[in-house]
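Work through the exercises below with the sequence and coordinates at hand. Each task is followed by a solution in steps.

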Amino acid sequence: MANNIEPKVTADQVALVHPRAAAEAIVSHALTGHSRAVGRSYMESESPHARGPSPIDFDGLSFPSIGARERREDTEESRAARIDKISGAVRTILECIGEDPYREGLLKTPERYAKALMFFSKGYEESVTHLMNKALFQEDHDEMVIVKNIDVFSLCEHHMVPFTGKIHIGYIPENGKVVGLSKIARLAEMFSRRLQVQERLTKQVAMALQELLSPQGVAVVMEASHFCMVMRGVQKPGSQTITSSMFGVFRDNAKTREEFLSLIRRSGI
């Protein structure tokens with residue numbers, strides 16, 4: 001009897017046959033959580049409990065939310081409906097914790113919180129390509145470019161409480177291709193204004209710059225305090241989490257990496 005089982009193809013085999021496609025797929029997964037292939041999610045395919053096909057294209061809109069495109073295309077009416085829906089959910093939460101959502105002090109809290117949450121998560125409304133529009137330039141510069149001490153504010157996706165800190169971003173241009181300095185900070189802002197984990201946030205910023213600029217290398221270091229460790233759980237105020245993501249010469253050359261790390265540690269101008 002014929003065997004209908006399809007032969008399995010490993011990621012290594014794909015990389016050997018289609019090296020550029022494999023590289024693009026890896027970058028796609030890092031930026032959005034999904035592959036470029038229509039109807040396929042890398043996150044879902046790697047899960048033992050794979051769900052249905054992914055509706056998200058490679059556009060930098062989300063990781064891994066399925067509602068980001070709909071939110072970005074909100075009209076005034078649909079945005080108002082979204083805020084009303086969140087407000088209703090907040091009233092339910094207030095009741096469940098033993099409060100009266102209709103007392104004077106809390107009467108407008110659901111709407112306030114709904115609007116605040118929309119701001120905290122505004123990164124879902126932005127994409128890398130739109131953010132970087134007309135901000136790439138040619139300059140006669142092939143040395144390190146660093147923007148450090150960028151304040152970032154994000155929400156931990158596990159408990160939806162804040163984690164805050166600073167991110168330091170550096171790259172070395174290839175063939176004089178540079179990006180506007182403010183766009184580097186905006187890139188960090190875009191990825192941080194989503195439900196996140198620090199490890200992924202750090203890597204997303206690094207891989208986005210690597211994809212956009214194709215530089216000699218990219219280095220990103222982030223230091224943050226997580227309120228899920230401060231206000232609950234182990235309750236350790238003062239603890240910090242440090243993550244890094246490096247590509248190109250920053251990963252391969254110890255002297256280049258150490259120069260970057262020493263420069264971000266220096267105080268003052």
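**Exercise 1.** Where is the place of D140? Then classify D140 by accessibility and find its surface patch.

Solution. The model is a predicted one. D140 sits in the loop that runs between β1 (136–138) and β2 (145–156). The relative accessible area of D140 is 82%. Exposed means over 50%, so D140 is exposed. Finally, D140 belongs to a negative surface patch, together with E139, D142, E143 and E259.

**Exercise 2.** How many disulfides does the structure hold? Test C228 against the cut-off.

Solution. The cysteine sulfur closest to that of C228 is in C156, at 4.3 Å. A disulfide needs sulfur atoms within 2.5 Å, so the two sulfurs are too far apart for a bond. For the structure, the number of disulfides is 0. As for accessibility, C228 is buried at 13%, whereas C96 is exposed at 67%.

**Exercise 3.** How many salt bridges does the count come to? Describe some of them and the accessibility of their partners.

Solution. The count is 10 salt bridges. Three examples follow.

- R82 pairs with D74 at 2.8 Å, N to O; R82 is partly exposed, at 23%.
- E189 pairs with R193 at 3.0 Å, N to O. E189 is partly exposed at 21%, while R193 is buried at 10%.
- E258 pairs with R265 at 2.9 Å, N to O. E258 is partly exposed at 40%, and R265 is exposed at 55%.

As a last step, look for shared partners: salt bridges of this kind link R71, R79 and E125 in one network.

Terms used: Residues are numbered from 1 along each chain as its sequence is written. This is a predicted model: local features need pLDDT of at least 70, side-chain atom pairs count only at pLDDT 80 or more; totals for chains, interfaces and linings use all residues. Side-chain values use heavy atoms; hydrogens and water are left out. Patches are made of residues with over 30% relative accessible area and no salt bridge: like charges are joined within 9 Å, nonpolar side chains (Val, Leu, Ile, Met, Phe, Trp, Tyr) within 5 Å. Accessible areas come from the Shrake-Rupley method with a 1.4 Å probe; for residues, only the protein chains shown count as cover. A salt bridge is a side-chain nitrogen of Lys or Arg within 4 Å of a carboxyl oxygen of Asp or Glu. Lys and Arg count as positive and Asp and Glu as negative; His and the chain ends are not counted. The place of a charge is taken as NZ of Lys, CZ of Arg, CG of Asp or CD of Glu. Helices (H or I, at least four residues) and strands (E, at least two) are DSSP runs, numbered from the N terminus. Buried means under 20% relative accessible area, exposed over 50%, partly exposed in between (1.4 Å probe, protein chains only).
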